[in-house]
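Student: I should like to learn how to read features from a structural model. Could we work through it together?

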Amino acid sequence: MKTDKVLIFDTTLRDGEQAAGTSLNGQEKLDIARQLEKLGVDIIEAGFPITSQGDFDAVRLIAKEIRNSTICALSHANDEAIDRAWEAVKPAKKGMIHIFLSTSGVHLTHQLKKSQEDVLKMAKKSVAHAKKYTDNIEFSPMDATRTDTKFLYRIIEAVIDAGATTVNIPDTVGYSIPSEFGKLIEGIFKNVPNISKARISVHCHNDLGLAVANSLEAVRKGARQIECTVNGIGERAGNAAMEEIVMALKTRNDLYQVTTNIDSSQIFKTSRMVSDLTGFIVQQNKAVVGANAFRHQSGIHQDGIIKKANTYEIMNPREVGVPASALVLGKVSGRHAFKERLIEMGYSLDEEALNHAFKSFKELADKKRKITDRDIQSLIGEEIRTTSEVYHLDHVGVSCGNHSMPTATVRLVGPNKELVADAALGTGPVDAVYKAINRIVRVRNVLTEFTVSSITEGIDALGEVLIRIESDGITYTGRGADTDIIVASAKAYMNALNRLLNARKATAQGAE
Ligand code: KIV
Ligand code: ZN
């Protein structure tokens, strides 16, 4: 039964981007925003403009491009931050300002060093200031779940009177449990006299693994907006996972009796894109989007699935856009078949990107007999990664073995399309490759993480390398895939270095 609508407020580009080790550039944020729009997200929280020029520019870029979703910018409760937030979202067809201010005793005493009355005044004043720009204002009493409830009711009433149209209840530190959080939402509905003038939203963190459960309980008690992120990425243990929320509301519509505007067939693709661009690998057994989410291992389960899928499957993998696991393409497959498969998988590449992807597909098919959808996703991931390169990896070769010094030669295409080659020795082949690249690119950085995994099974599987490097206190993620893991390692390093170089370029341009 469908009786009511819950809005999905996606904060992947703001709270998700706060996850340690994430740094997306403006173009990557725009790519994710476009995909979120396709997914049907109601509101995209695109960033926190006062915090940096890069964030401001990314929010503005997204606000100019996206037409169907509302674009929201986060702001402190002060005029300067609100002015900056509005300046960034102003070009949006539907813009929104999200103001947050701590309300819990622990935050007031130890962080803000302000009284409840001071905070109440600040909250009212800031909402009134935002009201000069837009009617679409959300207010979040930060750390609401550890806030004295009487004070919480007072501040909610005050901000609604000042013009807030959405009141968001954050479980900032992921402290609450479902029954308690549900009661809090119920209490707000009962005790805030003007509550019917605003939408109640919830924003749950996952420190105790309860973010999704808490959000769903809030829906049962009347919340009609959920703030969440793709793959549940976010500050510390992350935020409520969008895909879990959406599929729980859909699969258990008998209980929740609400709908969302999400096109669930876009979920898998969105999850892969966010994972590729942020470098946050989705765990194998992750609900809804993990590689094992629809795999059946035990004989009894396989038998049941063959007889009738819903014996052991509560959702159809097609419903969330999981590509068929059938082996699809091979060496003899033509451009047309490749393009058709991409369309079926939900990708629409322009002619140039398609030609390039097809060339990579052919190269892969020479090395690997059967190309699966997962391989194709990885190829497209490579396409996305190489679009904004400063240096491009043209050649890499290594010589190594138990009685020789690992030696690498690399050739890169530089910023002015020039070819630059160099060689280096290392403690191992990857170290030698990275040293040879460093001799050309020359940016100081420290490798902090290096992980290799296999994308599909078999000796000819694509190997995927994920790395993180740190430079001037900022972490940059890089990913690369190839049947040769040394080449994949080189691609991952180039990907991380290119992100670093692009970020520095953007900062330098912002300072001009
Ligand atoms: O977790 C939190 O409290 C937040 C606020 C800015 C809503 O992210
Ligand atoms: Zn948060």
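Tutor: What follows treats a metal site, a loop residue and a surface patch in turn. This is a predicted model, in which local features need pLDDT of at least 70, side-chain atom pairs count only at pLDDT 80 or more, and totals for chains, interfaces and linings use all residues. Residues are numbered from 1 along each chain as its sequence is written, ligands are numbered from 1 in the order in which they are written, and side-chain values use heavy atoms, without hydrogens and water.

Student: Which residues coordinate the zinc ion (ligand 2)?

Tutor: Donors are N, O and S atoms within 2.8 Å of the metal (3.2 Å for Na, K and Ca); water is not among the atoms, so sites may look incomplete. Here Asp 15 (OD), His 203 (NE2) and His 205 (NE2) coordinate the zinc ion at 2.0 to 2.1 Å. Asp 15 lies in the loop between strand 1 (7-10) and helix 1 (26-39) and His 203 in strand 7 (residues 199-204), so the pair ties together parts 188 residues apart in sequence. Helices (H or I, at least four residues) and strands (E, at least two) are DSSP runs, numbered from the N terminus.

Student: Is Ser 104 buried or exposed?

Tutor: Buried means under 20% relative accessible area, exposed over 50%, and partly exposed in between (1.4 Å probe, protein chains only). Ser 104 has a relative accessible area of 0%, so this residue is buried. Ser 104 is placed in the loop between strand 4 (95-102) and helix 4 (105-112).

Student: How does Val 452 count by relative accessibility?

Tutor: Val 452, in strand 12, counts as partly exposed, at 39%.
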